[in-house]
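Colleague: Hi, could you walk me through this one? I'd like the overall picture before the details.
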Amino acid sequence: MVRIRRFGVLRTASVLALLYGLAALIFFGIFAVFVLVVGIPSSNLGGMPGFDAGAGAVGILIFGAFAAAIYGIFGWIFTAIACLLYNWVAGFAGGVEIKLEAVQVLAPPPPPAATAPPASPPPAGPPSEG
């Protein structure tokens with residue numbers, strides 16, 4: 001058994017903040033493609049003239065970039081708080097136990113040995129007298 005006693009607060013928060021931001025960018029990117037393909041009914045936009053799917057997709061991407069930054073910031077803050085709380089609780093509870101297993105990594109098979117082409121028969125010389 002292996003026990004996690006502490007998390008590095010800054011590094012863990014930074015990694016998860018990047019993951020949250022990336023997830024937001026992916027989500028809003030997919031949503032923008034959906035808007036380009038399907039479009040947005042103008043009745044949902046208060047009848048704004050000249051609003052088309054392309055402008056909607058660009059707006060969603062701009063909002064998505066802003067949302068990704070917000071997700072990243074709040075993800076960093078709340079992950080840092082969670083790591084601090086875990087480190088505090090693990091100090092008297094002992095931490096989370098994880099069972100790890102060693103795995104033998106097999107080396108790839110060696111490449112086939114280069115073989116020489118079969119020898120050709122000796123050239124035929126003059127017939128021997130016998």
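Modeller: Happy to; we can go from the overall fold to the core and then to one loop residue.

Modeller: This is a predicted model, where local features need pLDDT of at least 70, side-chain atom pairs count only at pLDDT 80 or more, and totals for chains, interfaces and linings use all residues. Residues are numbered from 1 along each chain as its sequence is written, and side-chain values use heavy atoms, with hydrogens and water left out.

Colleague: Thanks! In what order do the elements run from the N terminus?

Modeller: The order is β-α-α-β, with two helices and two strands in the protein. These are DSSP runs numbered from the N terminus: helices are H or I with at least four residues, strands are E with at least two.

Colleague: And how much of the protein counts as buried?

Modeller: Of its 130 residues, 18% are buried. Buried means under 20% relative accessible area, exposed over 50%, and partly exposed in between (1.4 Å probe, protein chains only).

Colleague: Which residues form the largest nonpolar core?

Modeller: Five residues do: Phe-28, Ala-32, Val-35, Ile-60 and Ala-67. H1 and helix H2 (53-93) each supply at least two of them, and H1 gives the most, with three. A nonpolar core here is a set of buried Ala, Val, Leu, Ile, Met, Phe, Trp, Tyr and Cys residues joined through side-chain atoms within 4.5 Å.

Colleague: Switching topic, where is Gly-8?

Modeller: Gly-8 sits in the loop between strand E1 (2-4) and helix H1 (9-38).

Colleague: Why does Gly-8 count as partly exposed?

Modeller: Because its relative accessibility is 44%. Gly-8 and Cys-83 are also 7.5 Å apart in space, C-alpha to C-alpha, and 75 residues apart in sequence.
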